[in-house]
Amino acid sequence: MSVKDILGSGYNHHEKLAKPAVLYFPAKDIGEKGGAHCGACMMFFKSKDEGRCTVVEGKIDGPTGVCGLYVHGEHVGPTMEGTIDKSVVGYTEDGPPTQCGNCEYYVGGPKLGICKKVAGRIEFHGCCNAWEAKESIELDDDDLDDLPDEEC
Ligand code: SF4
Ligand code: SF4
């Protein structure tokens, strides 16, 4: 069975979003096997035992928080709290650390697959701003016989 068979007529990788449109980060840029989260972002720092961010205002949760501005790395800059409202950057503490492998739109194996929304090869440990918590689909490498040949 192919991915087209599984996803039906709605599947057409030529009509999908381009990776830059959703800020897709490959696994090497997410930098965390467990998924993106504030505690692994270079903008995160501790102030009086509370998490803070140099970009986003308010209290930030290191293990469960994440937003669309995530950049993996150690915080080395000034510890000045940011001023951007959490709603502007999509800050959430509602899901697990985010990665394609636990996203509703990922179809694939433990390393590589495709996405129902975003074009091209998609890494299990990559992520993008269109991430949504996975609810149902569980497939494996045998279902990837029409994986796109070229990087998009
Ligand atoms: S709120 Fe966004 S920018 Fe700030 S630490 Fe978390 S992921 Fe990084
Ligand atoms: S699987 Fe989810 S997080 Fe990964 S590229 Fe697709 S929409 Fe983005």
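In the hairpin of strand 1 and strand 2, two residues lie between the strands, and Lys-48 takes a positive phi near 50 degrees. The strands named here, like the helices, are DSSP runs numbered from the N terminus (H or I, at least four residues, for helices; E, at least two, for strands). The structure is a predicted model, in which local features need pLDDT of at least 70, side-chain atom pairs count only at pLDDT 80 or more, and totals for chains, interfaces and linings use all residues. Residues are numbered from 1 along each chain as its sequence is written, while chains are lettered from A and ligands numbered from 1 in the order in which they are written.

A few words on the confidence of the model help in reading what follows. The pLDDT, the predictor's confidence in each residue on a scale from 0 to 100, averages 86 over the chain, and 80% of the residues score at least 70. Residues 5–11 deserve some care: pLDDT stays under 50 there, and the model has six contacts beyond four places in sequence for this stretch. Contact here means that the C-beta atoms of two residues, placed from the backbone, lie within 7 Å.

The chain holds three helices and five strands, which follow one another along the sequence in the pattern α-α-β-β-α-β-β-β. Of its 152 residues, 29% count as buried. A residue is called buried if 20 or more other C-beta atoms lie within 10 Å of its own, exposed if 12 or fewer, and partly exposed in between, with C-beta atoms placed from the backbone. Among contacts between residues at least 6 apart in sequence, 70% join residues at least 24 apart.

Back at the opening hairpin, strand 1 (44–47) and strand 2 (50–53) are the elements on either side of the loop that holds Lys-48. The two strands run antiparallel and are joined by four bridges; pairing of strands requires that DSSP finds at least two bridges between them. Phe-45 has Arg-52 in strand 2 as its bridge partner. Asp-49 is also placed in the loop between strand 1 and strand 2, and its phi, near 65 degrees, is a positive value in a residue other than glycine. Lys-48 counts as exposed because it has 5 C-beta neighbours inside 10 Å. Asp-49 counts as exposed because it, too, has 5 C-beta neighbours inside 10 Å.

Further along the chain, an open sheet of three strands has the order 3-4-5, with antiparallel pairing. Its edge strands, strand 3 (106–108) and strand 5 (122–123), each pair on one side only. Strand 3 pairs with strand 4 (residues 112–115) over three bridges, and a hairpin connects these two strands through three residues. Within this pair, Val-107 stands opposite Ile-114 in strand 4. Strand 4 pairs in turn with strand 5 over two bridges, again in the antiparallel sense, and Leu-112 stands opposite Glu-123 in strand 5. Six residues lie between strand 4 and strand 5 in their hairpin, where Gly-120 in the turn has a positive phi of about 95 degrees.

The surroundings of the two ligands were then examined, counting a residue as near a ligand if its C-beta atom, placed from the backbone, lies within 6 Å of it. Ligand 1 is surrounded by 15 residues, of which Cys-38, Cys-41, Phe-44, Cys-53 and Cys-67 are the closest. By class, this shell has 14 nonpolar residues, one polar residue and no charged residues. In this scheme Ala, Val, Leu, Ile, Met, Phe, Trp, Tyr, Cys and Pro count as nonpolar, Asp, Glu, Lys and Arg as charged, and the others, Gly among them, as polar. Ligand 2 is surrounded by 15 residues, and here Cys-100, Cys-103, Tyr-106, Cys-115 and Cys-128 are the closest. The shell around ligand 2 has 13 nonpolar residues, one polar and one charged.

Cys-100, one of the residues closest to ligand 2, is found in the loop between helix 3 (86–89) and strand 3. Cys-100 counts as buried because it has 29 C-beta neighbours inside 10 Å. Leaving aside residues up to four places away in sequence, Cys-100 touches Tyr-106, Cys-115, Ile-122, Glu-123, Phe-124, Gly-126 and Cys-127. Cys-100 and Tyr-24 are 76 residues apart in sequence, while their C-alpha atoms are 9.7 Å apart in space.
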